Structure formats: C-alpha cells, structure tokens
Amino acid sequence: MPKRFVVAASEFSELPRFSGGPELAETLTVAAQQLHETSSPRGTLRTAVRLAVHILPGAEHAGISVIERKAHRQTLAWTDEIVRSAEALASGGDHRHWTRLWTSPVARIEDSASGDDDGEPALSDLGLRSVLSLRLRAERQRLTVLTAYATKPRAFDDSATRIGRLFTAHVSIAFDSATAREQLTEAMRTRDLIGQATGILMERLDIDAAEAFDSLVRTSQRENVKLRDLARRIVDARSSE
C-alpha cells in the first residue's frame with residue numbers, strides 16, 4: 001500500500017511566482033532541481049504538491065492521488081486537510097470529473113457551484129470552486145493524478161493548464177528517477193543481507209556458498225517466505241545469540 005503524508009505549503013522555500021514569458025523556463029528549471037534533489041519517491045511527491053501551489057496560476061491547494069478503475073481513490077500527498085476531504089468524495093461514487101481522466105490527460109472544473117454538467121455540489125460545499133487535474137502516470141487499472149484546487153470560480157485557464165502539463169512532466173520524470181534509486185538501494189541491501197545469511201549457513205552447516213544459497217531458496221519456497229525476509233530472520237537470530 002502506498003505511503004501517505006501531508007506537508008504544509010508554507011514549508012516550501014522561497015520560489016518567486018511568475019507572470020509568464022521568459023520567467024516560466026527559469027521557474028520550471030528551479031522546480032526540476034527541487035524535485036530531483038529529493039531522496040525518495042515519497043519526498044518527490046511531497047515536494048511536488050508544495051511546488052504546485054507556487055507554480056500553477058490560481059492554485060491554492062494541491063494533492064497527488066491514485067485512482068483505480070472501481071472509483072477507489074487514495075490520496076498520497078496533500079497540502080492541507082481540505083484536499084483529503086475533496087478527494088475522499090471520489091471514492092466509491094460516480095464523479096464525472098474524476099472519470100474524465102481515464103480518457104483525457106487533463107480535467108477541469110470551471111465552477112463547481114454551476115448548475116450545468118460541470119457542477120460538483122460536494123466540492124462547492126467545501127468552498128472549492130475550481131479544480132484542475134493532470135495525469136502523472138496512466139496504467140491499465142490505475143492513474144496517478146496531481147490535482148490543484150482554488151476557492152474562486154474559473155481560476156484555471158488554458159495558460160494554467162499548459163503550465164500544469166509542463167510541470168507534471170517534470171514531476172513524472174523525477175518520480176520515476178527516485179523510484180529507480182530506491183529500488184536499487186533496496187536491491188543492494190537485500191543482496192548484502194542474503195550474503196550474510198549465506199555465510200552463516202556455510203559456517204553452521206559446513207557447506208559451500210552454492211549449497212548455502214540453495215538451502216535458503218528451498219527453505220523460502222517450503223515456508224512460503226520471501227528470500228529477503230528469511231535471510232533477515234537468520235541474521236537477526238545470529239545477532240541475538
């Protein structure tokens with residue numbers, strides 16, 4: 001299950017807002033640097049929601065969440081509790097705004113209080129009048145989405161959407177990079193752990209490295225335990241002797 005966490009937008013270091021033009025490239029460059037300096041996927045998402053409030057014109061709140069085909073939605077990062085309340089509305093129900101994201105990379109609500117098809121009374125009741133959602137990642141059964149909210153109607157125009165798509169491209173690349181680094185680090189830790197467990201079995205059973213590793217694999221399969229977890233159990237048992 002993905003980890004969840006909250007961060008206040010006020011914690012973000014100084015990043016000048018921009019009016020457009022040449023300043024946009026500079027702002028996105030600073031944002032990309034901030035994203036790539038994170039040490040984990042969780043840190044990348046945390047930084048992304050902070051940045052979104054500063055970069056996307058009109059944005060007051062932001063969240064990143066996962067949407068599944070059966071309408072379940074899980075918020076992974078949010079700037080404040082109103083985001084969690086808003087995105088909880090998408091779980092277990094038919095919400096037109098969220099379902100649009102399966103066929104389009106962008107979905108906007110101009111005014112949640114309007115009486116036409118664009119209206120979302122539940123969001124309006126929370127005081128959130130404008131919504132801009134942008135896909136970060138699309139899988140067959142799951143979407144990862146960044147959503148910005150504003151208390152004013154029609155807060156997100158075409159310019160905000162274009163900037164949002166540029167920004168989410170940076171977020172997606174940084175998130176993939178952080179995920180790869182984390183997986184590599186975990187693989188190295190797992191390798192070292194299995195190596196320690198193999199050494200313990202070699203000493204205990206007076207066998208060579210290949211036989212010790214085969215013994216680990218067989219025990220893992222027999223007990224239906226991951227090799228990493230079995231190795232950790234052997235290493236921990238030795239430490240407690």
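In this predicted model, the side chain of S130 reaches the backbone oxygen of K152, the distance being 2.4 Å. S130 itself sits in strand β5. With a relative accessible area of 0%, S130 is buried, since anything under 20% falls in that class. Its surroundings fit that picture: setting aside neighbours within four places in sequence, S130 is in contact with I109, E110, A148, Y149, A150, K152, P153, R154, A155 and F156.

One of those contacts, R154, is worth a stop of its own. R154 belongs to the loop between β6 and α6, and its phi is near 50°, a positive value in a residue other than glycine. Whereas S130 is buried at 0%, R154 counts as exposed, at 57% relative accessibility. A second residue with this kind of backbone angle is N224, where phi is near 55°, again positive and again not a glycine. N224 is found in the loop between α7 and α8, and it too counts as exposed, with 71% relative accessibility.

Stepping back to the overall layout, the protein chain has eight helices and six strands. Read from the N terminus, the elements come in the order β-α-α-β-β-α-α-β-α-β-β-α-α-α, so the chain starts on a strand and finishes on a run of three helices. Of the 241 residues in the protein chain, 43% are buried. Among contacts with a separation of 6 or more, 59% are between residues 24 or more positions apart. As for the outside, the accessible surface of the protein chain comes to about 13,000 Å², and carbon and sulfur atoms account for 50% of it.

Now for the inside. The largest nonpolar core has 31 residues, and those with the most contacts inside it are L35, I55, L56, I64, L146, F156 and F167. Both helices and strands feed into this core: the elements giving two or more residues are α1 (22-36), α2 (41-55), β2 (61-68), β3 (73-78), β5 (130-138), β6 (142-150) and α6 (158-205). The biggest share comes from α2, which gives seven residues. L35, one of the residues with the most contacts in the core, gives a feel for the packing: not counting residues up to four places away in sequence, L35 touches T44, T47, A48, L51, F167, H170, V171 and A174. Apart from this core lies another, of 15 residues, with A86, L128, V131 and V145 among them. F156 also ties back to the opening site, as it appears both among the residues with the most contacts in the largest core and among the contacts of S130.

On the charged side, a search of the whole structure turns up 12 salt bridges. One of them joins R84 and E81, whose side chains meet with N to O at 3.7 Å. These two residues are three apart in helix α3 (residues 81-88), so about one helical turn separates them. R84 counts as partly exposed at 30% relative accessibility, and E81 is likewise partly exposed, with a relative accessible area of 46%.

R233 and E223 form another salt bridge, with the closest N and O atoms 2.7 Å apart. This pair links distant parts of the chain: R233 is in helix α8 (residues 227-239) and E223 in helix α7 (residues 209-223), 10 residues apart. Here too the partners are partly exposed, R233 with a relative accessible area of 43% and E223 at 37% relative accessibility. The loop between α7 and α8 is also where N224 is placed.

A third bridge pairs D229 with R228, the closest N and O atoms being 3.7 Å apart. D229 counts as partly exposed at 33% relative accessibility, and R228 is partly exposed as well, with a relative accessible area of 27%. Both residues take part in something wider, a network of salt bridges that links E186, R228, D229 and R232.

Conventions
Residues are numbered from 1 along each chain as its sequence is written. This is a predicted model: local features need pLDDT of at least 70, side-chain atom pairs count only at pLDDT 80 or more; totals for chains, interfaces and linings use all residues. Side-chain values use heavy atoms; hydrogens and water are left out. A salt bridge is a side-chain nitrogen of Lys or Arg within 4 Å of a carboxyl oxygen of Asp or Glu. Helices (H or I, at least four residues) and strands (E, at least two) are DSSP runs, numbered from the N terminus. Buried means under 20% relative accessible area, exposed over 50%, partly exposed in between (1.4 Å probe, protein chains only). Contact means heavy atoms within 4.5 Å. Accessible areas come from the Shrake-Rupley method with a 1.4 Å probe; for residues, only the protein chains shown count as cover. A nonpolar core is a set of buried Ala, Val, Leu, Ile, Met, Phe, Trp, Tyr and Cys residues joined through side-chain atoms within 4.5 Å. A polar contact is a pair of N or O atoms within 3.5 Å; within protein, one must be able to donate a hydrogen and the other to accept it, and residues adjacent in sequence count only if both atoms are side-chain atoms.
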